[in-house]
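Trainee: Please take a close look at a single part of this structure. I should like one connected account of how that part is placed, what surrounds it, and how far the coordinates may be trusted.

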Amino acid sequence: MADRQQQQTASTATQQAKPAVNGAAPRPAPAETQRQESVHLDYDESIIHKTILVGDSGVGKTSLLVQFDQGKFLSGSFSATVGIGFTNKVVNVDGAKVKLQIWDTAGQERFRSVTHAYYRDAHALLLLYDVTNKTSFDNIRAWLSEIHEYAQQDVVIMLLGNKADMQAERVVKREEGEKLARDFGIAFMETSAKTGLNVELAFMAVAKDLKSRKTRKPNDPKFSVTEYVDQEKQNQGCCS
Ligand SMILES: Nc1nc2c(ncn2[C@@H]2O[C@H](COP(=O)(O)OP(=O)(O)OP(=O)(O)O)[C@@H](O)[C@H]2O)c(=O)[nH]1
Ligand SMILES: [Mg+2]
């Protein structure tokens, strides 16, 4: 875990400039320059968006990040995260590279004061509960009040009901998650770090919202994560 975290992903690394030859500054090929200029006129690709995963211990924050970063699920015994660490990911949004720095926090109570310190700089928060654990769902209101206390007012918040693959053990209905999210005016979806259900979609929706906030003109309509997610699910012919 420690090795994986705080290291740039391959896609980030490929963006680094080639080393200078004989002291000359590296120059991109002309075609490459033109393409970048036309696609990214209104978006600064050097911006790093801090995104934090929060929620009770055991809801699947680390598993969700590993699934998104490496496309795999680490089964076996649960190993609680100690402290906090980050992973860099680059997401392609409408031809622009959006950089996400994803912080995985420890859900255990004893680390709470450490993680609070990171809320202030967060641009987005993915707040997880476990659909097989009612307490983790009941604690979401407390998490939201902590978020409102410590995070920026305009932080992007997405509520995720994780472990959606465990239908037999489910104790929180999807409708309950939807209602809670509606009450607080935040986006919602169910995910599975095990099967990968909606994992890409969750991070993509956050990246889209963050990018749109940087490029939106005053009269442009606001990007709606909820509408985007509904549309994508329809396109996929998806169910959850
Ligand atoms: N079936 C299933 N199991 C999951 C899923 N996500 C996580 N798990 C399991 O749940 C346990 C806890 O997952 P973690 O990702 O370590 O939980 P965490 O939220 O990072 O916990 P802390 O680091 O203590 O805050 C592990 O045994 C995972 O294998 C999921 O979507 N489906
Ligand atoms: Mg963890």
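Mentor: Of the 240 residues in the chain, 35% are buried. The model is a predicted one, and its secondary structure amounts to nine helices and six strands. Within the chain, 74% of the contacts between residues at least 6 apart in sequence join residues at least 24 apart. I shall concentrate on helix α3, which spans residues 61-70.

Confidence should be settled before the details. The mean pLDDT of the chain is 84, and 81% of the residues score at least 70. Two stretches fall well outside that description. Over residues 1-29 the pLDDT stays under 50, and the model has 23 contacts for them beyond four places in sequence. Residues 32-39 also have a pLDDT below 50, with three contacts in the model beyond near neighbours in sequence. Where pLDDT is low, the predicted coordinates should not be read in detail.

Is α3 mostly covered or mostly open? The helix is mostly covered, since eight of its ten residues are buried. These are K61, T62, S63, L64, L65, V66, Q67 and F68, each of which therefore has 20 or more other C-beta atoms within 10 Å of its own. The partners of these buried residues come from several elements: they pack against the strands β1 (48-54), β2 (84-93), β3 (96-105), β4 (124-130) and β5 (156-162), and also against helix α8.

The packing against α8 can be described geometrically. Two packed helices are described by the angle between their axes and the distance between the axes. For α3 and α8 (residues 199-215), the angle is about 85° and the axes are 9 Å apart. The two helices are therefore roughly perpendicular to each other, because angles of 65 to 115 degrees are placed in that class. On the α3 side the contact is made by L64, Q67 and F68, and on the α8 side by V199, E200 and F203. By class, the residues of this contact comprise four nonpolar, one polar and one charged. L64, Q67 and F68 thus appear both among the buried residues of α3 and in the contact with α8.

The helix also takes part in the surroundings of ligand 1. That ligand is surrounded by 21 residues, the closest being S57, G60, A80, T81 and G107. With three residues, α3 gives the most to this shell. The shell as a whole has eleven polar, six nonpolar and four charged residues.

At the end of the helix, α3 is followed by G71, which has a positive phi near 65°. Most residues other than glycine have a negative phi, and most peptide bonds are trans. Two residues linked to strands that α3 packs against deserve notice in this respect. D94 is not a glycine, yet its phi is positive, about 50°; D94 lies in the loop between β2 and β3 and is exposed, with 11 other C-beta atoms within 10 Å. K163, likewise not a glycine, has a positive phi of about 70°. K163 belongs to the loop between β5 and α7 (174-184), but is buried, with 26 other C-beta atoms within 10 Å.

To summarise, α3 is a mostly covered helix that is roughly perpendicular to α8 and gives the most to the shell around ligand 1.

Conventions: Residues are numbered from 1 along each chain as its sequence is written. Chains are lettered from A and ligands numbered from 1 in the order in which they are written. This is a predicted model: local features need pLDDT of at least 70, side-chain atom pairs count only at pLDDT 80 or more; totals for chains, interfaces and linings use all residues. pLDDT is the predictor's confidence in each residue, from 0 to 100. Two residues are in contact if their C-beta atoms, placed from the backbone, lie within 7 Å. Helices (H or I, at least four residues) and strands (E, at least two) are DSSP runs, numbered from the N terminus. A residue is buried if 20 or more other C-beta atoms lie within 10 Å of its own, exposed if 12 or fewer, and partly exposed in between; C-beta atoms are placed from the backbone. Axes are lines fitted to C-alpha atoms, for helices over the stretch in contact, and angles run from 0 to 180 degrees between N-to-C directions. Angles under 35 degrees count as roughly parallel, over 145 as roughly antiparallel, 65 to 115 as roughly perpendicular and the rest as oblique. Ala, Val, Leu, Ile, Met, Phe, Trp, Tyr, Cys and Pro count as nonpolar, Asp, Glu, Lys and Arg as charged, and the others, Gly among them, as polar. A residue is near a molecule or strand if its C-beta atom, placed from the backbone, lies within 6 Å of it.
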